[in-house]
Amino acid sequence: MADAPTDEDKALIREFLDGHVHGVVVEDDEDLFASGLVNSLFAVQLVMWVERTHGLRTSGEDLDFANFRSIDAIAGFVARKKALVGGGA
């Protein structure tokens, strides 16, 4: 399925998060906001990183916490956006 998250995307997301959570192990389905690992300032950095790394543009409707709540959610968001712009595998 073209809009399925890839292991490569998840690995990139984990690598980015690892640089900001100071050694905390983050599970793929862990709520980054509820755990306190992500605050609103870091959320902006995360959105910008997703855009830059994956060559995607986010719109106002994309800026829903549900899209950035976990590694799984971010990878799913990236896969859906790639599919919309024709970049899905």
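Q: How should one read the accessibility of a side chain, taking K82 as the case: what is its relative accessible area?

A: K82 has a relative accessible area of 21%, and is therefore partly exposed (buried means under 20% relative accessible area, exposed over 50%, partly exposed in between, with a 1.4 Å probe and protein chains only). The structure is a predicted model, in which local features need pLDDT of at least 70 and side-chain atom pairs count only at pLDDT 80 or more, while totals for chains, interfaces and linings use all residues. Residues are numbered from 1 along each chain as its sequence is written, and side-chain values use heavy atoms, with hydrogens and water left out.

Q: Which residue forms a salt bridge with K82?

A: Side chains of opposite charge can pair when their charged atoms come close. The term salt bridge here requires a side-chain nitrogen of Lys or Arg within 4 Å of a carboxyl oxygen of Asp or Glu. The partner of K82 is D9, with the closest N and O atoms 3.2 Å apart. D9 lies in helix α1 (residues 7-18) and K82 in helix α4 (residues 71-84), so this salt bridge ties together parts that are 73 residues apart in sequence. Helices in this text are DSSP runs (H or I, at least four residues; strands are E, at least two), numbered from the N terminus. D9 is buried, at 4% relative accessibility.

Q: How many salt bridges does a search of the whole structure find?

A: The search returns 6. One of them is between K10 and D72, at 2.7 Å from N to O. K10 belongs to helix α1 and D72 to helix α4, so that distant parts of the chain, 62 residues apart, are linked. K10 is buried at 17% relative accessibility, whereas D72 is partly exposed at 29%.

Q: Where do D62 and K81 lie?

A: The side chains of D62 and K81 meet in a salt bridge with an N to O distance of 2.8 Å. D62 is in the loop between α2 and α3 (65-68) and K81 is in helix α4, so the pair ties together parts 19 residues apart in sequence. D62 is buried, with a relative accessible area of 9%, and K81 is buried at 15%. Elsewhere, salt bridges that share partners join K10, R14, D28 and D72 into one network.

Q: How is the packing of two helices read, and at what angle do α2 and α4 cross?

A: Two packed helices are described by the angle between their axes and the distance between the axes. The axes of α2 and α4 come within 12 Å and cross at roughly 45 degrees. Axes are lines fitted to C-alpha atoms, for helices over the stretch in contact, with angles from 0 to 180 degrees between N-to-C directions. The crossing angle makes α2 oblique to α4 (under 35 degrees is roughly parallel, over 145 roughly antiparallel, 65 to 115 roughly perpendicular, and the rest oblique).

Q: Which residues make the contact of α2 with α4?

A: Contact means heavy atoms within 4.5 Å. From α2 the residues are L46, V50 and H54, and from α4 they are I74, F77, V78 and K82.

Q: Is W49 buried or exposed?

A: W49 is buried, with a relative accessible area of 9%. W49 lies in helix α2 (residues 40-54). Leaving aside neighbours within four places in sequence, W49 is in contact with L12, I13, F16 and H54.
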